[in-house]
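Open the structure in your viewer and keep the selection tool at hand. The tour goes from the ligand to a strand and then to a single residue.

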Amino acid sequence: MTAHVYTIASGKGGTGKTTATLNLGTALALLGKKTVVLDADIGMANLGLLLGLEKSKITLHDVLSGTAQIKDAIYEGPGGLKVVPSGLSLKGFQNSNPEKLKEVMTAIVEGMDFVLIDAPAGISKDGVIPLAVADKVILVVNPELASMADALKTKALTEMLGRSVEGVILNRAELEKTEINRNKVSELLGVKVLEMIPEDANVRRSAAFKVPIVIRAPKSPAAIAFRRLAALLAGETFKESSIKEEKEGFVDRLARSVFGGK
Ligand SMILES: Nc1ncnc2c1ncn2[C@@H]1O[C@H](COP(=O)(O)OP(=O)(O)OP(=O)(O)O)[C@@H](O)[C@H]1O
Ligand SMILES: [Mg+2]
């Protein structure tokens, strides 16, 4: 079987692409799927930061500048997830050729079930190529007009590139208006809402601890939503009862008092 390649895009910045890529990727890995996440936001690399991989010597920058091979830029992530971080330096970004992503994809899909690409915001060259190399694009939107408008533009661009949008992740959704939002969003964008991820203070707390929320707080509302989405993509039935409850330790209690949340 060849890998399913999804690019997680949005148009507008800050909608939750990196959070979704990491947590969906980890949730797929926890389902036993061979999964790799790749940070194609080569200008503002964040994916590695969320896992404490910022000191990685070889990154996607080196691969895209032709000085390293992709196999040397793949790191071990949580739950068996494989991670390809991008570098943080401006020089590394300037030396990178985003066109090389096409070659990278050919090599990386080998033996994988899922490849998730964290796309940058915007529609510059380094934003367009990740759309073009995917089998399917998943849009991450917030329930606000600017986010919808930019997602619509990204959908049009995806289709111009001969690709299609699989669906939408409605992130930071207001729970009390759930169905209204879901219907409005799918109507506006003309694609289905795959999952709604609620606003959840555990997302930021997990980021601070550099552990995906699906591992750090597996019973939290956002983690459950990410796991349900992973099951959907993997074609499996989601069972909330299969998620192990974690005991809150001292560090968690401290984090809760600093970062807030339930
Ligand atoms: N469901 C959520 N609940 C609470 N906070 C969230 C949620 N989703 C994302 N966030 C927070 O929103 C911020 C932006 O998220 P993230 O970095 O994933 O967005 P992005 O789309 O990748 O941004 P960029 O366009 O800059 O790459 C982060 O601080 C993240 O912790
Ligand atoms: Mg990001």
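For the first stop, note that Ala, Val, Leu, Ile, Met, Phe, Trp, Tyr, Cys and Pro count as nonpolar, that Asp, Glu, Lys and Arg count as charged, and that the others, Gly among them, count as polar. Keep in mind as well that this is a predicted model.

Select ligand 1 and show what surrounds it: the shell has 6 nonpolar, 9 polar and 6 charged residues. Of the 21 residues around ligand 1, those that come nearest are Gly13, Gly16, Lys17, Thr18 and Thr19. Colour α1 (17-30), β7 (164-173) and α8 (201-208) next, since each of these elements supplies at least two residues of that shell.

Now select strand β5, residues 114-118, where 5 of the 5 residues are buried, so the strand is largely enclosed by the rest of the structure. Turn on its side chains, and you will find Phe114, Leu116 and Asp118 pointing one way, while Val115 and Ile117 point the other way.

Add strand β1 (residues 4-9), which runs parallel to β5 and is joined to it by 5 bridges, with Tyr6 standing opposite Leu116. Then add strand β2 (residues 35-39), which also pairs with β5 in the parallel sense over 5 bridges, and here the bridge partner of Val37 is Leu116.

Finally, go to Leu24 in helix α1. Is Leu24 buried or exposed? Leu24 counts as buried because it has 28 C-beta neighbours inside 10 Å, and a residue needs 20 or more to be called buried. Beyond its neighbours within four places in sequence, Leu24 is in contact with Leu116, Phe226, Leu229 and Ala230.

Key: Residues numbered from 1 in each chain as written. Chains lettered and ligands numbered in written order. Predicted model: local features only at pLDDT ≥ 70, side-chain atom pairs only at ≥ 80, totals over all residues. Near = placed C-beta within 6 Å. Helix = DSSP H or I, 4+ residues; strand = E, 2+ residues; numbered from the N terminus. Buried ≥ 20, exposed ≤ 12 C-beta atoms within 10 Å, placed from the backbone. Pairing = 2+ DSSP bridges. Contact = placed C-beta atoms within 7 Å.
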